[in-house]
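Biologist: I keep meeting words like "oblique" and "buried" and wonder what stands behind them. Could we go through this one together?

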Amino acid sequence: MKATINPVALSKELKKMSGIVKKNHVIPITSAVLFSFSKDKLTVTGTDLETTYVVSLECQCKDKFSFPIDYFDIVDVCSNNFIPLTIELKETEILLKTDKPYKTKLPRVGNANEFPNLPEDEFTKSKVVEGEFFYHLNY
């Protein structure tokens with residue numbers, strides 16, 4: 001299973017999760033983010049079991065698959081790559097490569113079933129606020 005992503009866009013969104021996803025040796029899965037691929041869409045979920053951050057990005061993908069990946073490893077990879085990055089899920093590892101001679105392997109961090117579930121919809125609250133709202137508060 002393969003997908004191609006824009007590492008710059010992903011890096012920008014992953015940095016927003018930095019306050020939520022932290023190293024956790026007691027519950028290691030919370031040091032990871034869940035990548036869920038579907039047709040041309042990547043959904044990334046990060047949680048500290050109290051707060052959950054979910055973002056969707058465009059990608060090139062034909063298959064539907066999910067896996068957790070270490071947050072700090074993927075931030076490091078995306079921060080150092082500016083051309084499309086191909087992610088290939090293997091049985092025991094995650095292969096990341098570009099068109100240039102860049103290739104790295106990351107270990108799998110459990111499986112998608114071990115990643116904490118989102119709370120039920122009745123408890124989930126979200127609000128979209130346009131940037132213009134904050135601009136007018138200052139003037």
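Modeller: Let's take the helices, then the sheet.

Modeller: One thing up front: this is a predicted model, where local features need pLDDT of at least 70, side-chain atom pairs count only at pLDDT 80 or more, and totals for chains, interfaces and linings use all residues. Residues are numbered from 1 along each chain as its sequence is written, and side-chain values use heavy atoms, with hydrogens and water left out.

Biologist: Why is α1 called oblique to α2?

Modeller: The axes of α1 (residues 7–16) and α2 (residues 71–79) come within 8 Å and cross at roughly 140°. Angles under 35 degrees count as roughly parallel, over 145 as roughly antiparallel, 65 to 115 as roughly perpendicular and the rest as oblique. That makes α1 oblique to α2.

Biologist: Which residues of α1 and α2 meet?

Modeller: P7, L10, S11, L14 and K15 in α1 meet Y71, I74, V75, C78 and S79 in α2; contact means heavy atoms within 4.5 Å. By class, this contact has seven nonpolar, two polar and one charged residues. Here Ala, Val, Leu, Ile, Met, Phe, Trp, Tyr, Cys and Pro count as nonpolar, Asp, Glu, Lys and Arg as charged, and the others, Gly among them, as polar.

Biologist: Now the sheet. What makes β4 and β6 edge strands?

Modeller: The open sheet runs in the order β4-β3-β2-β6, with antiparallel pairing. β4 (52–58) and β6 (65–70) each have a single partner strand, so one side of each is left without a neighbour in the sheet.

Biologist: How do you know that β2 and β6 pair?

Modeller: Two strands pair if DSSP finds at least two bridges between them. Six bridges join β2 (residues 32–38) to β6, and these strands run antiparallel. S36, for instance, has S66 in β6 as its bridge partner.

Biologist: And how many bridges does β3 have with β2, and how many with β4?

Modeller: β2 and β3 pair over five bridges, with F35 opposite V44 in β3. β3 and β4 pair over seven, and T47 has T52 in β4 as its bridge partner. β3 and β4 also form a hairpin with four residues between them, where L49 in the turn has a positive phi of about 75°.

Biologist: Last one: why is β3 described as largely enclosed?

Modeller: Buried means under 20% relative accessible area, exposed over 50%, partly exposed in between (1.4 Å probe, protein chains only). Six of the seven residues of β3 are buried, so this strand is largely enclosed by the rest of the structure.

Methods: Axes are lines fitted to C-alpha atoms, for helices over the stretch in contact, and angles run from 0 to 180 degrees between N-to-C directions. Helices (H or I, at least four residues) and strands (E, at least two) are DSSP runs, numbered from the N terminus.
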